[in-house]
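Hi,

Here is the structure I said I'd pass on. Have a look at it first, and then read my notes below.

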Amino acid sequence: MKRRKRAARCAPSQRCQPCPVPRSPALRPEWMGMGRRAALCYPGADRRGTLGPLHLLLLLALWGDTGYSQQQTQCRIQKCTTDFVSLTSHLNSGSDGFDSEFCKALRAYAGCTHRTSKACRGNLVYHSAVLGISDLMSQRNCSKDGPTSSTNPEFSNDVCNFHSRVTARELHAAEHAQPNYLFCGLFGDPHLRTFKDHFQTCKVEGAWPLIDNNYVSVQVTNVPVVPGSSATATNKITIIFKSYQDCTDQKVYQAVTDDLPAAFVDGTTSGGDGDSKTLRIIEKVSGKHVEMHARYIGTTVIVRQLGNYLTLAIRMPEELAMAYEESQDLQLCMNGCPSSERIDEGGHLSFPVSGKDSPNSSGQARSVYTLESAIATCLEKIQVRDIYFHSCVFDLLTTGDANFTAAAHSAWEDVEALHPKKERWQIFPNNRNGGKTHALPAVVLGLVCLIFVAFL
């Protein structure tokens, strides 16, 4: 039996001899030698010299597509490789700054392979790429710590940070517009503040989707509050953070009355590998207040329990909130409640004619509050007579449950904390109650009009 002649190794400063072109349609590289310092020859290596690693890594990507596409569906080493090639293909080895830019791209490439390492176990292409990166970094004297290439935001080591991706994209496009954020909140009987800042009060009994896009889904379940009233309140919230690249697997959070956990349903408190913490839950008040921060999609969610019911507030980027299919158009946060489910009158809340003296259809007193006592109670928590104040009064007159006062106040605080506009948002409804208006006094409105006319 003839012994195969050992392949010659070439030093980093030398050029490899041309490799024979493979006969098969798939372009496959040929390894020369063994070990980490072994050179990988490829067609044209003798002509391109030091730029060879670019074609080397491209061949790895092609090899992965042809030979391993069915082995590891979640392994994204091909994308890491082709992105690296696209970042460095325009570089000229003789130009100033080549080494610096090449090292940045290598560090970003290394970060990409690290993020996909769990899904790429046993993948030969992945391990070949890791060895190739190490060899190239040694040849170019690249340090492992340092900046990564920012010319492609999706390939930077901050791919799991929405704000970094947006910043890199804006710098690349020479634009400086900040991302636009949207806010949605649900509380009380329930009262809904949509992404478009429309305020509605709805019945929506049963399970309804608040949000359903390509990144996150939020569903709430509402139950009747008191007999004889169409008002409902939320007693269950389900949130699904969908898997995103190599940043996090799908995570599901579920809260029900008297069970507001500080963990996802799988028992974990975060998503993502290592210390990246791309998705995490923070418990603010045990059993009463939790926050979820999804760094990879720039989204924050607040869930509270007040009394026997739950409230929710969410802020997320507009471009992500708008990423949904036509079949997902039933979203209360996006399009509001169906007209048949509305209790308010075009955004205006009409208080019951009276409080405790007005029986419901079952003959029982609707509330222990009168209009005057409800107003006084709500003013203790919410000093400004805006929509949250009016929601508080409406809920007290409807249910008689003082916990709805705290719910309105907490919802107002969540708006202050999450709403993208820094100024205080005050919506003054033209509340109809026997011809009386409990919004701004008429004299104040008159003064505002006079000031406006004075500046014309």
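Which residue in β12 does I282 stand opposite? It's E291.

Some ground rules first. This is a predicted model, so to speak: local features need pLDDT of at least 70, side-chain atom pairs count only at pLDDT 80 or more, and totals for chains, interfaces and linings use all residues. Residues are numbered from 1 along each chain as its sequence is written, and side-chain values use heavy atoms, with hydrogens and water left out.

About confidence: pLDDT is the predictor's confidence in each residue, from 0 to 100. The protein chain has a mean pLDDT of 74, with 66% of its residues at 70 or more. Over residues 7–51 the pLDDT is below 50, and beyond near neighbours in sequence that stretch has 63 contacts (heavy atoms within 4.5 Å) in the model.

Now the strands. Helices (H or I, at least four residues) and strands (E, at least two) are DSSP runs, numbered from the N terminus. Two strands pair if DSSP finds at least two bridges between them. β11 (residues 279–285) runs antiparallel to β12, joined by six bridges. They make a hairpin with three residues in between, where G287 has a positive phi of about 75°. On to β13 (residues 299–306): six bridges link this strand to β12, again antiparallel, and H289 sits opposite R304. This hairpin has four residues between its strands, and G298 in the turn has a positive phi of about 60°.

β12 (residues 289–294) is mostly covered, with five of its six residues buried (under 20% relative accessible area, 1.4 Å probe, protein chains only; exposed is over 50%, partly exposed in between).

Cheers
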